[in-house]
Amino acid sequence: MEENNKVIIFEKKEIIIVLTFVVVLIITSFTLGIRLGKKLALDASGVKPEDVKAVELKSTVEEDAEAVVSEDAKLTDEEKLKKLMDESKNRLSDELEKFSTPQNPPTTTAAPQSTMAGKFTIQLGSYNTMEEAKQFAEGFTVRGYSPIINEVKIEGKGNWYRVSLGLFDSVEEAKTYIKSEQSLFTGQDHIITEIK
């Protein structure tokens with residue numbers, strides 16, 4: 001008896017087509033399986049398509065904003081206006097109270113050199129006119145600090161007005177103050193100098 005052995009030989013193109021078909025079939029099966037699984041899981045738990053559309057995930061901020069909007073929707077225009085006016089009055093009275101309470105003493109010109117000699121200060125700026133120095137110092141006065149304006153004669157440049165904060169017995173004290181008032185000095189040029 002003769003054995004009938006046939007060998008099938010595929011070309012490269014045919015192998016690539018068959019492999020591509022298999023990959024597409026696997027991806028399609030996987031995707032359909034996921035979709036069918038989700039649908040069956042939702043059906044089994046009693047969730048309807050309308051429920052799926054209604055579910056929205058919101059952050060607590062969004063929920064709070066939605067609550068405020070719904071509260072405001074219940075108010076009439078007159079009530080909204082009254083509420084807004086009351087809030088504005090409260091803010092205004094708070095701001096006025098801040099300015100009416102006595103703060104640190106206003107900007108001062110430096111005391112006689114003899115009492116400050118040997119002390120250290122934190123220099124924030126130097127200006128060639130007193131008006132510029134006062135304007136710069138006013139920004140710190142408004143925030144509750146007591147800046148010092150000190151007139152210094154610089155050879156070849158004339159009189160300059162230095163704006164500084166604090167009097168310290170040592171450089172370490174000045175550095176400690178800078179660390180304690182870090183928000184004030186962040187982004188602000190400053191240098192610790194000795195008063196002579």
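Here a colleague and a modeller talk through a predicted model, one question at a time.

Colleague: Let's begin with the overall layout: how many helices and strands are there in the chain?

Modeller: Happy to start there, bearing in mind that this is a predicted model. From the N terminus on, the elements run α-α-α-α-β-α-β-α-β-β-α-α-β. That makes 8 helices and 5 strands.

Colleague: And what percentage of the contacts with a separation of 6 or more comes from residues 24 or more positions apart?

Modeller: The chain has 196 residues, and buried residues make up 15% of them. Among its contacts with a separation of 6 or more, the share from residues 24 or more positions apart is 65%.

Colleague: Helix H1 catches my eye. Does its end-to-end distance agree or disagree with the expected span, and what is that distance?

Modeller: H1 covers residues 12-45, which is 34 residues. At 1.5 Å a residue, the helix should span 50 Å. The end C-alpha atoms agree with this, being apart by 49 Å.

Colleague: Does H1 lie largely in the open or is it buried, and what number of its residues is buried?

Modeller: A residue counts as buried under 20% relative accessible area. By that cut-off H1 lies largely in the open, because the number of its 34 residues that are buried is 0.

Colleague: Which residue takes a positive phi just after H1?

Modeller: The phi angle there is about 85°. The residue that takes it, just after H1, is glycine 46.

Colleague: On to the rings. Is the pair of tyrosine 127 and phenylalanine 136 stacked, edge-to-face or tilted?

Modeller: The count of aromatic pairs comes to 3. In the pair of tyrosine 127 and phenylalanine 136, the ring centres are 5.4 Å apart and the planes stand at 45°. Planes under 30 degrees apart would count as stacked and over 60 as edge-to-face, so this pair is tilted.

Colleague: What kind of pair do phenylalanine 136 and phenylalanine 140 form?

Modeller: Both belong to helix H6 (residues 130-142), and being 4 residues apart they are separated by about one helical turn. An α-helix has 3.6 residues a turn, so residues three or four places apart point the same way. With 5.3 Å centre to centre and 65° between the planes, phenylalanine 136 and phenylalanine 140 form a pair that is edge-to-face.

Colleague: Which residue lies over the face of phenylalanine 140?

Modeller: Ring pairs link Tyr127, Phe136 and Phe140 into a cluster. Within it, tyrosine 127 is partly exposed at 22% relative accessibility, whereas phenylalanine 140 is buried at 2%. Over the face of phenylalanine 140, at 4.9 Å from the ring centre, lies arginine 143.

Colleague: Which element gives the most to the largest nonpolar core?

Modeller: In soluble globular proteins, nonpolar side chains tend to be buried together. The largest nonpolar core here has 11 residues, including Phe120, Phe140, Leu165 and Leu184. At least two residues each come from S2, strand S4 (158-168), helix H7 (171-180) and helix H8 (182-185). With 3 residues, the element that gives the most is S2.

Colleague: How far apart in space are leucine 184 and phenylalanine 140, C-alpha to C-alpha?

Modeller: Leucine 184 lies in helix H8 and is buried, with a relative accessible area of 7%. Beyond its neighbours within four places in sequence, leucine 184 is in contact with Phe140, Arg143, Tyr145 and Leu165. Leucine 184 and phenylalanine 140 are 44 residues apart in sequence, and their C-alpha atoms are apart by 9.2 Å.

Colleague: Which side chain does threonine 121 join in a polar contact?

Modeller: Threonine 121 lies in strand S2 (residues 120-127) and is buried, at 4% relative accessible area. Its contacts outside four places in sequence include Leu165, Phe168 and Ile192. The polar contact is 3.1 Å, and the partner is serine 164.

Colleague: Last one: which side chain joins asparagine 159 in a polar contact?

Modeller: Asparagine 159 lies in strand S4 and counts as partly exposed at 35% relative accessibility. Leaving aside neighbours within four places in sequence, asparagine 159 is in contact with Asn128, Glu151, Val152 and Lys153. The polar contact is 3.0 Å, and the partner is glutamate 151.

Terms used:
Residues numbered from 1 in each chain as written. Predicted model: local features only at pLDDT ≥ 70, side-chain atom pairs only at ≥ 80, totals over all residues. Heavy atoms only, no water. Expected span 1.5 Å × (residues − 1). Buried < 20%, exposed > 50% of the residue type's maximum accessible area, 1.4 Å probe, protein only. Phe/Tyr/Trp six-rings, centres within 6.5 Å; stacked < 30°, edge-to-face > 60°. Lys NZ or Arg CZ within 6 Å of the ring centre and 35° of its normal. Polar contact = N/O pair within 3.5 Å; in protein donor to acceptor, adjacent residues only side chain to side chain. Contact = heavy atoms within 4.5 Å. Core = buried A, V, L, I, M, F, W, Y, C linked by side-chain atoms within 4.5 Å.
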